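Reader: I'd like to learn how to read a protein model. Could you walk me through one?

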Amino acid sequence: MERVVDLTAAVLEVERRRSRWESAGLTVELVVWRDETQKRSQQLDLDRAAVMDADSFGVILVGHGGELSVVLFRGGWADVDYSAGIDDSGTLPASDIGSAAAFGDHLDSCVAKVFGPLTDDSA
């Protein structure tokens, strides 16, 4: 798979947003990695150091009655599934992601779609 997006830099985009999301009442699951060299493609790992050739990572956000699942592939696209209510669920388009920063911007729009405007619940 072509390397369009630096996955390590893209995970930093997730981590930069984590405290804001958690302060707004969302649960942010641990990032999981998939290793392209593994024979079993469904094997995921929490430890980035154990993944020899990462081709994707995923993260799930849950809260406010919704869920967002994002898997970014180094080829420049993501699988984005969401549920924002009983009559509002599906897949969000996520192709042509050319950089970690572009992924961060796309992630922000997905979070806004699923969870609405975030406010700090801890205040």
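Reader: Let's start with the basics. How many helices and strands does the chain have?

Author: Keep in mind that we're looking at a predicted model. The secondary structure here comes to two helices and seven strands.

Reader: And in what order do the elements run from the N terminus?

Author: Just read along the chain: α-β-β-β-β-β-β-β-α. That puts a helix at each end of the list, with the strands in between.

Reader: What share of the chain's residues is buried?

Author: A residue is called buried when its relative accessible area is under 20%. Of the 123 residues in this chain, 41% are buried. As for the surface, the chain exposes about 6800 Å², and carbon and sulfur atoms supply 51% of that.

Reader: How do I judge how far apart in sequence the contacting residues are?

Author: Take the contacts between residues at least 6 apart in sequence, then ask what share spans a longer stretch. In this chain, 52% of those contacts join residues at least 24 apart.

Reader: Now for the aromatic rings. How many aromatic pairs are there?

Author: Rings pair if their centres lie within 6.5 Å. By this rule there are three aromatic pairs. Take Phe57 and Phe103: their ring centres are 5.8 Å apart and their planes sit at 85 degrees, so this pair is edge-to-face, given that angles over 60 count that way.

Reader: Which parts of the chain does that pair tie together?

Author: Phe57 belongs to strand β4 (residues 54-63) and Phe103 to helix α2 (residues 100-115), so the pair ties together parts that are 46 residues apart in sequence. Both Phe57 and Phe103 are buried, too.

Reader: What about Phe73 and Trp77: are their rings stacked or edge-to-face?

Author: Check the angle again: planes under 30 degrees apart count as stacked. The planes of Phe73 and Trp77 are at 15 degrees, with centres 5.1 Å apart, so that pair is stacked. Phe73 has 9% relative accessibility and therefore counts as buried, while Trp77, at 35%, counts as partly exposed.

Reader: Which residues do ring pairs link into a cluster?

Author: That would be Trp33, Phe57 and Phe103. So you've already met two of its members, Phe57 and Phe103, as the edge-to-face pair.

Reader: One last spot. Is Asp55 buried or exposed?

Author: Asp55 sits in strand β4. Its relative accessible area is 3%, so Asp55 is buried.

Reader: And which side chain does Asp55 make a polar contact with?

Author: Its partner is Arg34: a polar contact of 2.7 Å joins the two side chains.

Technical notes:
Residues are numbered from 1 along each chain as its sequence is written. This is a predicted model: local features need pLDDT of at least 70, side-chain atom pairs count only at pLDDT 80 or more; totals for chains, interfaces and linings use all residues. Side-chain values use heavy atoms; hydrogens and water are left out. Rings of Phe, Tyr and Trp (its six-membered ring) pair if their centres lie within 6.5 Å; planes under 30 degrees apart count as stacked, over 60 as edge-to-face and the rest as tilted. Helices (H or I, at least four residues) and strands (E, at least two) are DSSP runs, numbered from the N terminus. Buried means under 20% relative accessible area, exposed over 50%, partly exposed in between (1.4 Å probe, protein chains only). Contact means heavy atoms within 4.5 Å. Accessible areas come from the Shrake-Rupley method with a 1.4 Å probe; for residues, only the protein chains shown count as cover. A polar contact is a pair of N or O atoms within 3.5 Å; within protein, one must be able to donate a hydrogen and the other to accept it, and residues adjacent in sequence count only if both atoms are side-chain atoms.
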